[in-house]
Amino acid sequence: MQVNLPFNQIEWSEMMATGIAQIDTQHRYLIDTLRDANANLPGDRRGTLLPEVTRMLLNYAIMHFDTEEGLMQRYGYEAAFPDVARQHIAQHRAFSRHVVIVCDSLREGRPVAKLDLLQYLNNWLRDHIMGIDQLLGAFLRDAQERTGTPVKPL
Ligand SMILES: [Fe+2]
Ligand SMILES: [Fe+2]
């Protein structure tokens with residue numbers, strides 16, 4: 001269901017594909033989950049969905065960051081591109097920090113602006129997938145071609 005929101009909702013497009021099956025599957029799941037949150041959170045007057053959805057997104061995102069960082073390690077990304085690898089991991093940590101703070105606020109009963117949170121999540125995910133994840137994707141596709149086998153975590 002498409003709802004009217006004061007920001008651009010994330011939407012899967014072929015430009016987001018990295019060509020690495022595991023990463024693309026996880027990205028699609030994150031995008032689908034976030035689009036559900038876009039559709040359901042604004043109308044959730046009692047606010048019961050917010051802690052649940054935020055916690056679930058955080059857990060899945062952390063698992064996904066682990067996948068990417070495991071692939072970086074396995075295929076020597078940090079040795080090949082130390083600056084961009086550091087920057088990539090720093091973006092993952094900044095996201096986790098932001099969402100952990102939101103989870104803490106919700107647990108302690110402090111108010112959380114739903115639309116601000118959704119806007120942050122939509123923008124961060126779109127920028128990250130279309131930006132620095134594409135560099136990692138290109139590197140891993142290269143490794144895939146060099147070795148002749150699909151990349152996978154250890
Ligand atoms: Fe990433
Ligand atoms: Fe990613």
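Here are some short exercises with worked solutions on the structure above.

**Before you start.** This is a predicted model, in which local features need pLDDT of at least 70, side-chain atom pairs count only at pLDDT 80 or more, and totals for chains, interfaces and linings use all residues. Residues are numbered from 1 along each chain as its sequence is written, while chains are lettered from A and ligands numbered from 1 in the order in which they are written.

**Exercise 1. Overall build**

Task: Find how many helices and strands the protein has, and judge its radius of gyration against that of a compact globule.

Solution:
- Begin with the elements. Helices (H or I, at least four residues) and strands (E, at least two) are DSSP runs, numbered from the N terminus. The protein has six helices and zero strands, giving the pattern α-α-α-α-α-α along the sequence.
- Next, take the extent. The C-alpha trace spans about 55 × 30 × 25 Å along its principal axes.
- Now apply the globule rule, which is 2.2 Å times the number of residues to the power 0.38, with the radius of gyration taken over C-alpha atoms. For 154 residues a compact globule would have a radius near 15 Å; the protein has 17 Å, which agrees.
- Finally, look at contacts, meaning pairs of residues whose C-beta atoms, placed from the backbone, lie within 7 Å. Among contacts with a separation of 6 or more, 79% join residues 24 or more positions apart.

**Exercise 2. Buried or exposed?**

Task: Decide whether Asn8, Arg45 and Leu125 are buried or exposed.

Solution:
- Set the rule first. A residue is buried if 20 or more other C-beta atoms lie within 10 Å of its own, exposed if 12 or fewer, and partly exposed in between, with C-beta atoms placed from the backbone.
- Asn8 lies in the segment before α1. Asn8 counts as exposed because it has 10 C-beta neighbours inside 10 Å.
- Arg45 belongs to the loop between α1 and α2. With 6 C-beta neighbours inside 10 Å, Arg45 is exposed too.
- Leu125 sits in helix α5. It has 20 other C-beta atoms within 10 Å, so Leu125 is buried.
- For the whole protein, 23% of the 154 residues count as buried.

**Exercise 3. One face of a helix**

Task: Work out where the buried residues of α1 and α5 lie around each helix.

Solution:
- Check the helix lengths. The expected span is 1.5 Å times one less than the number of residues. α1, with 20 residues, reaches 29 Å between its first and last C-alpha, close to the expected 28 Å. α5, with 17 residues, reaches 24 Å, close to the expected 24 Å.
- List the buried residues of α1: Ile23, His27, Leu30, Ile31, Leu34, Ala37 and Asn38. Seen down the axis of α1, they fall within an arc of 120° (the arc of the directions from the helix axis to the C-beta atoms), so they line one face of the helix.
- Turn α1 around. The face away from its buried side carries the exposed residues Ala21, Thr25, Tyr29 and Asp32.
- Do the α5 list: Leu117, Leu118, Leu121, Asn122, Leu125 and Ile129 are buried. Their arc is 130°, so they also line one face of their helix.
- Name the partners. The buried residues of α1 pack against α2, α5 and α6, and those of α5 pack against α1, α2, α4 and α6.

**Exercise 4. The nonpolar core**

Task: Find which residues touch the most other members of the largest nonpolar core.

Solution:
- A nonpolar core is a set of buried Ala, Val, Leu, Ile, Met, Phe, Trp, Tyr and Cys residues joined through C-beta atoms within 7 Å.
- The largest one has 16 residues, and Leu30, Ile31, Leu34, Leu57, Leu121 and Leu125 touch the most other members.
- α1, α2, α4 and α5 each give two or more residues to this core, with the largest share, five residues, coming from α5.
- Apart from this core lies another, of ten residues, among them Leu71, Tyr77, Ala85 and Leu136.
- To finish, follow two members of the largest core. Neighbours within four places in sequence aside, Leu34 is in contact with Ile10, Leu57, Leu121, Asn122 and Leu125. Leu125, counted likewise, touches Ile10, Leu30, Ile31 and Leu34.

Methods. Contact = placed C-beta atoms within 7 Å.
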